Every structure is written in C-alpha cells, then in structure tokens.
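Me: Please take a close look at one part of this model, the strand residue with the unusual backbone angle, and then set it in the context of the rest of the chain. I would like one connected account rather than a list.

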Amino acid sequence: MPTILGQNQYGKAETRVLRVVRDGDTHHLKDLNVSVALSGDMDDVHYSGSNAHVLPTDTTKNTVFAFAKEHGIDSAEQFGIHLARHFVTSQEPIERARIRIEEYAWDRIATSDANSRFIGADEVKHSFVRRNQEIRTTQVTFDGQAWQVVSGLKDLTVLNSTNSEFWGYAKDKYTTLKEAYDRILATDVSARWRYNWTSDEQRMPNWEKSYEQARKHMLHAFAETYSLSLQQTLYQMGSRIIDHRSEIDEIRFSLPNNHHFLVDLEPFGLKNDNEVYFAADRPYGLIEGTVLRDGVEPQIPVDLTNL
C-alpha cells in the first residue's frame, strides 16, 4: 500500500539564552529557553533526502543568539514575534513558524546592612537569585499573514488555609471521602491565555504589563473566592482575567488539587483542630477548564501538552 507524508516540522529545541543589559552599574537580566519549529515545503527532504529547502537547525540556534543582541529581549512575546517573522519572511519554503519560550525570573540580591558591608557594597546592582516561583511561557505562531500568541505560566504554587469547602458531592459504595467544611485548598497553577492580537494592523499589546496584570488578577481571584470547589475557583480566576484584560479572549487552566489531609492525633491523646495536615503529592485530583469571552470560539488545545 502506498504511503504519503503527513504533518511535519523541524527546528531547534531549548536554546538557552541569557541577555544582560548593563545600565551603568545596574544590570538587568532576561533568561529564556527558546524552541523553534518550522514547517512548509518539506516534502523532498523526506522523500529523497534533498536538503535544498532545509534551513539547518544550527542556524535557528544562531539566530536566537544573534536576535538577542540585535533586537534585545523586551518581552518573551516580542522576541518570539521577531523570530517567527524572520523565519517565515526570509525563507521561501518555510510557511509557518512556531516559537515556544519559557522565561525564568531572577530577583536582585539585596546587599548587607551597613555594619557588614564591604567597600562599595551599597552600589552592587548586578547580583541575582533565581526566583523559585512560576515559569513564564509563551508560544508565537506565524504563517505569513496571521499571528497567534498564547502566553501563560506554570508551576505557580498557591494555597488558601481556609475559606474552602467540599461537600454535597455524589456518593456510591466506593466513596470514603468525608465532607469538608473548612479545608486547605492548594494547587500548582498552569495557565495559558490567548491574545486577540492576530494582525500587524492591530495595536500590539504591552506584553510585560499584560502578563503582570493577568497574574495579579489570577492571584486576587484565588485569594478572594470563597471556594466550594476547585472548579468554582478556576472559573473565577479565568473570569477575572477576561473581565479586566480586553486583549485576552481565552484562558485555559490545569489545576492539580494538592490534597492536605488532617492527621489523626487521637492515638496520642491530642486534638487536631485544623492544625496538622499530611501533604499528599499523589494521587491528586486534576481540574482543567477553559474560560472564554462571550461569543469567542476556543482555540487553545484541550490537552495543554500539545501547545
């Protein structure tokens, strides 16, 4: 039976690039992990091995480094846009470019107090500590005409020590979970949101401000929602972002329910009044869902691993 070639792409995965901007004695960092995937007129390389239409993956890696110098890195989104536009417009066989970026945040290290400073320590503005919080993400796709930018974050760990309940659920003969009227609610937020900017004719969002504001509204909703279910919290987080950020039309969450179970201290003659918990890392509930602006069709894949 004859065979034909299906969807295909190639590129360079996980190019780590650190850009240092020296503003006098004050330095600023942008730390990215960039993956490039290119597709288009690539039949010949698969059928005959001809590389005439293949831009080497080593070249894409070099482009990442060169663009970090030539264009700088104002934001992960803007950097991805520069790269995608370059690959599609500079190489005729390339019809579509997808750029995935993870950004790692660094915080400036505060210097010692006056009693223990070394000479000039009060002017140190070039030392950083890697932030042990979330990883910022973005995926930029360009086909020569239309853009799609899906940004977000992962590994943002949040916890409410009260104002969460879970009761009134369906039960069968295998149900052993006790209803909870005051529980810990904790999760590691993975979120992807889609911008409605799709054309160079539109005004481009302020990517840095948009990320900061989306994160802020997400956290505010988590903290301010009296939760009767993690699903309810998910919806409130997404709604808060959609309501406050006009440039975002769709957001999808994947929220593991990081269970915290009250420890039975009665064998030791102790009463556990919602004070001591066992933090179970697995198995865990996994709550996922998409929140959309009314009238908008979903475009973020249901399986976030396919982003």
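Reply: Asp155 lies in strand E7, which covers residues 147-160. In this predicted model, the residue has a positive phi of about 65° although it is not a glycine. Most residues other than glycine have a negative phi, and most peptide bonds are trans. Asp155 has a relative accessible area of 45%, and because that value falls between the 20% and 50% limits, the residue counts as partly exposed.

A second residue invites comparison. Asn274, which is not a glycine either, has a positive phi of about 55°, and its place is in the loop between E10 and E11. With a relative accessible area of 33%, Asn274 is partly exposed. A further backbone feature is found at Pro283, in the loop between strand E11 (277-279) and E12: the peptide bond that joins Arg282 and Pro283 is cis, with omega at about -5°.

The chain to which these residues belong has five helices and 12 strands, and buried residues make up 41% of its 307 residues. Its C-alpha atoms fill a box of roughly 75 × 75 × 35 Å, taken along the principal axes. Among contacts between residues at least 6 apart in sequence, 66% join residues at least 24 apart.

As to confidence, the chain has a mean pLDDT of 91, with 93% of its residues at 70 or more. Among the elements, H3 has the highest mean pLDDT, 98, whereas strand E5 (residues 128-130) has the lowest, 68. Over residues 116-121 the pLDDT stays under 50, and for that stretch the model has five contacts beyond four places in sequence.

Helix H3 deserves a description of its own. Its 15 residues should span 21 Å at 1.5 Å a residue, and the end C-alpha atoms are 21 Å apart, which agrees. The buried residues of H3 are Ala76, Glu77, Gln78, Phe79, Gly80, Ile81, Leu83, Ala84, Phe87 and Val88. Of these, Leu83, placed in the helix that runs over residues 76-90, can be followed further. Leu83 has 0% relative accessibility and therefore counts as buried. Leaving aside residues up to four places away in sequence, Leu83 touches Val34, Thr63, Val64, Phe67 and Ile99. The C-alpha atoms of Leu83 and Arg98, which are 15 residues apart along the chain, are separated by 9.1 Å.

Helix H5 can be read in a similar way. H5 has 15 residues and reaches 21 Å from its first C-alpha to its last, close to the 21 Å expected at 1.5 Å a residue. In this helix Leu230, Thr233, Leu234, Met237, Gly238, Ser239, Ile241 and Ile242 are buried, and what covers the buried residues of H5 includes strand E8 (185-195), helix H4 (207-224), strand E9 (248-257) and E12.

Helix H5 also leads to the question of open space. Rolling a probe the size of a water molecule over the atoms shows where empty space is left. The largest pocket has a volume of about 680 Å³, and the elements that give two or more residues to its lining are helix H5 (230-244), strand E10 (260-262) and strand E12 (285-292). The lining comprises 22 residues, of which Leu177, Lys178, Ala180, His260 and Phe261 lie nearest the centre of the pocket. By type, the lining divides into 11 nonpolar, seven polar and four charged residues.

Enclosed space is a separate matter. The structure holds one cavity of 30 Å³ or more, and about 30 Å³ of space lies in the largest cavity. Its lining is formed by Asp41, Met42, Asp43, Asp44, Val45, Ser50, Ala52, His53 and Val54, and these residues divide into four nonpolar, two polar and three charged.

Finally, the segment after E12 holds Val296. Not counting residues up to four places away in sequence, Val296 touches Arg194 and Asp249. The C-alpha atoms of Val296 and Tyr277 are separated by 42 Å, with their positions 19 residues apart along the chain given as the sequence distance.

To return to the part you asked about, Asp155 in strand E7 combines a positive phi of about 65° with a partly exposed position, at a relative accessible area of 45%.

Notes:
Residues are numbered from 1 along each chain as its sequence is written. This is a predicted model: local features need pLDDT of at least 70, side-chain atom pairs count only at pLDDT 80 or more; totals for chains, interfaces and linings use all residues. Side-chain values use heavy atoms; hydrogens and water are left out. On a 1 Å grid over the protein atoms alone, a cavity is a set of points where a 1.4 Å probe fits but cannot get out, and a pocket is an open set with protein on both sides within 12 Å along at least five of seven lines; lining residues have an atom within 4 Å of a point. Grid points are joined across faces, edges and corners, and a volume is the space filled by probe spheres set on the points. Ala, Val, Leu, Ile, Met, Phe, Trp, Tyr, Cys and Pro count as nonpolar, Asp, Glu, Lys and Arg as charged, and the others, Gly among them, as polar. Helices (H or I, at least four residues) and strands (E, at least two) are DSSP runs, numbered from the N terminus. Buried means under 20% relative accessible area, exposed over 50%, partly exposed in between (1.4 Å probe, protein chains only). Contact means heavy atoms within 4.5 Å. The expected span of a helix is 1.5 Å times one less than its number of residues. pLDDT is the predictor's confidence in each residue, from 0 to 100.
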